[in-house]
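Colleague: Please take a close look at one part of this model, the internal empty space, and describe carefully what surrounds it.

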Amino acid sequence: MIIILNQGVTSDEKNAIRSALKEKGFIVKEIVGQEDTVLGAVGTARIDPRMIEIMPGVSRVVPISKPYKLASRELKKEDTIVSVGKVRIGGGRIAVMAGPCAVESRDQILRIAGKVREAGAVILRGGAYKPRTSPYSFQGLGEEGLRYLREAGDMFDMPVTTEVVSPRDVDVMKDYIDMFQIGARNMQNFELLKEVGKTGMPVLLKRGLSATIEEWLMAAEYLMASGTDQVVLCERGIRTFEKATRNTLDCSAIPVVQKLTHLPVIGDPSHATGIRDMVSPMALALVASGASGIMVEVHDNPDKALSDGPQSLYPEQFERLMRDIEALAPVVGKSVERIPRIVPESIKAESAKVGTPSGSAVIAFQGERGAFSELAVRRTFSEDEKVLPCKNFKDVFDAVAKGEAKYGVIPVENTLGGSVLENYDLLKVEENVTVVGECEVRIIHNLIANPGVRIEDIKRVYSHPQGLAQCKEYLDVHLPNVERIPFFDTAGAVSYVKNEHMMDAAAIAGSPAAVHNSMEILVPGIETNPRNYTRFFVISREENAAEFRSRSKIDMASVTFCVPDKPGALLNVLDILRKHEINLQKLESRPILGKPWEYSFFLELEIKDVAGLDDVVALVKEQTTGFRILGYYTKAH
């Protein structure tokens, strides 16, 4: 039954009501709602509701019609928000859990954890105990796997979840994990449910292979009656007559369950489909159905996975899925749950890793400390390398050309803003510099302010014009009357707000800039379009090129040239590339300084090997003037 209390109920009256119910053998839960405070009383005992209704402090008593009492929305009207570490599941959020089906080794879980964390997953999954259909299949690493999972979670600042298969493992597991997972085969293992429920920890409860929705919610009731109110339901497909898929994913269960229970419900498209190519579309279908999150299996070498390789996404597939979810979330009125991106330790340091113009092991970049360019440096080079912040792009080229920096990292293209034309021009004129590498960084913009500043205090926002433009939708909706002030650099905007001690202003920049300047991220991930990436070139002098290029197989070349002013001149060059099956990845035209209406061309070519390009280059030179190879490198993936 539900006991609705008077708004002015006293603590003594509330305690008296609770005591009377417990004496009769009821389990009592207090729920504070937006309008009413209620006591939920469940159990096998029988009592005349009028005995409670006449007690001081009671407004009225309402019976619960559903067999699942604590899980019923009759008991609690508002959605339950389940907290797993710093991550919240439920309400208007979409929380993504990802990781391998099984923890196979320490190196494997650390590698995959880093990749899913960077892509946007907020909870790390991985099986340490594996219930398998065959007794001869891999059964998991047990407690050793739990240790590796915990280490990966701590290293990448993610809460972890894994499946419990036996009541005797509960005490061991609770010290390693943040959320228990009850698998489909154990949904009605009631002794296991009772033991896990006693811990009071969050639990992910998967729907049984052929379970009805009511049976599923009754299993949740076992957990809640035993002591935990932090239960997340997971639809993972049910067994039907269909053989084309592993299971039948019941997306219709999502809105049905949400009407019946206050508990959050997520989906598992990996186990539902069993086929890698179907996971992403079904994940989006779950989000469109209203799910509060998804659980996805990811493996960097699924062909050699010890468990469920065919349904595991490659990391790059998972990364694309995350961007699709972020694009879909606003359509269904939700936002993707986020945790701040991992910031390399070297960026956090005030000055320990800042180089002076010595050249031996210094990496130059444009911008202030904490800029996205510095993040690109740390994604490409080790933490031990020193960095040289430069005021502008030409300073980066000059530092490399003069030997003051061994390498430079420069942005050349953004998926939203297009090409960084200044750097293409500098590549052409600086003959002592060659391109040796490429990397990509996803641009995640955050609203950053001095500690203590509240959103309602903000009257001005500083950022690079591109940063302001890329966050226009957030600013229009949440800060429509705030002045938007362009600044030369996103990280520089953060430093400026900090150094001027502004308590009524904020900056838009990446989390490295916030961390480096000891500033507070008020709102993470405010960019309008989640498909926001910047591509960077690594440049060096020719004598340093071989060392960097030896890291991986070269498959790209960048060239520049001019063509005679006659019909078909450019087409002749492109036809040579076509005949030699060289794929053109990019074509950019740039005006020639001092020659009005004449242009040079910049091409990026996909090649099989450097030696095989010699014959093509000879033919192209016959059709062009001023031909120069700007560099060879490995395409960023």
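Modeller: In the second largest cavity, the element that gives the most to the lining is α22, with three residues. Helices here are DSSP runs of H or I with at least four residues, strands are runs of E with at least two, and both are numbered from the N terminus. This is a predicted model, in which local features need pLDDT of at least 70 and side-chain atom pairs count only at pLDDT 80 or more, while totals for chains, interfaces and linings use all residues. Residues are numbered from 1 along each chain as its sequence is written, and side-chain values use heavy atoms, with hydrogens and water left out.

A cavity is a set of points, on a 1 Å grid over the protein atoms alone, where a 1.4 Å probe fits but cannot get out, and its lining residues have an atom within 4 Å of a point. Grid points are joined across faces, edges and corners, and a volume is the space filled by probe spheres set on the points. On that basis the second largest cavity has a volume of about 60 Å³.

Its lining draws at least two residues from each of β27 (556-562), α21 (569-579), β29 (595-606) and α22 (614-623). The residues that line this space are V559, F561, V573, L577, L603, L605, L613, V616, V617, V620 and F627. Sorted by class, they come to eleven nonpolar residues, with no polar and no charged ones. In this sorting Ala, Val, Leu, Ile, Met, Phe, Trp, Tyr, Cys and Pro count as nonpolar, Asp, Glu, Lys and Arg as charged, and the others, Gly among them, as polar.

For context, the model holds two cavities of 30 Å³ or more, and the largest contains about 230 Å³ of space. Of the 21 residues that line the largest cavity, those closest to its centre are R338, I339, P340, R341 and I444. Helices α3 (106-119) and α11 (315-328) each supply at least two residues of that lining, and α3 gives the most, with three residues. By class, the lining of the largest cavity has ten nonpolar, four polar and seven charged residues, whereas the second largest cavity has no charged and no polar residues in its lining.

Terms used:
1 Å grid on protein atoms, 1.4 Å probe; cavity = no way out; pocket = protein on both sides within 12 Å on 5 of 7 lines; lining within 4 Å.
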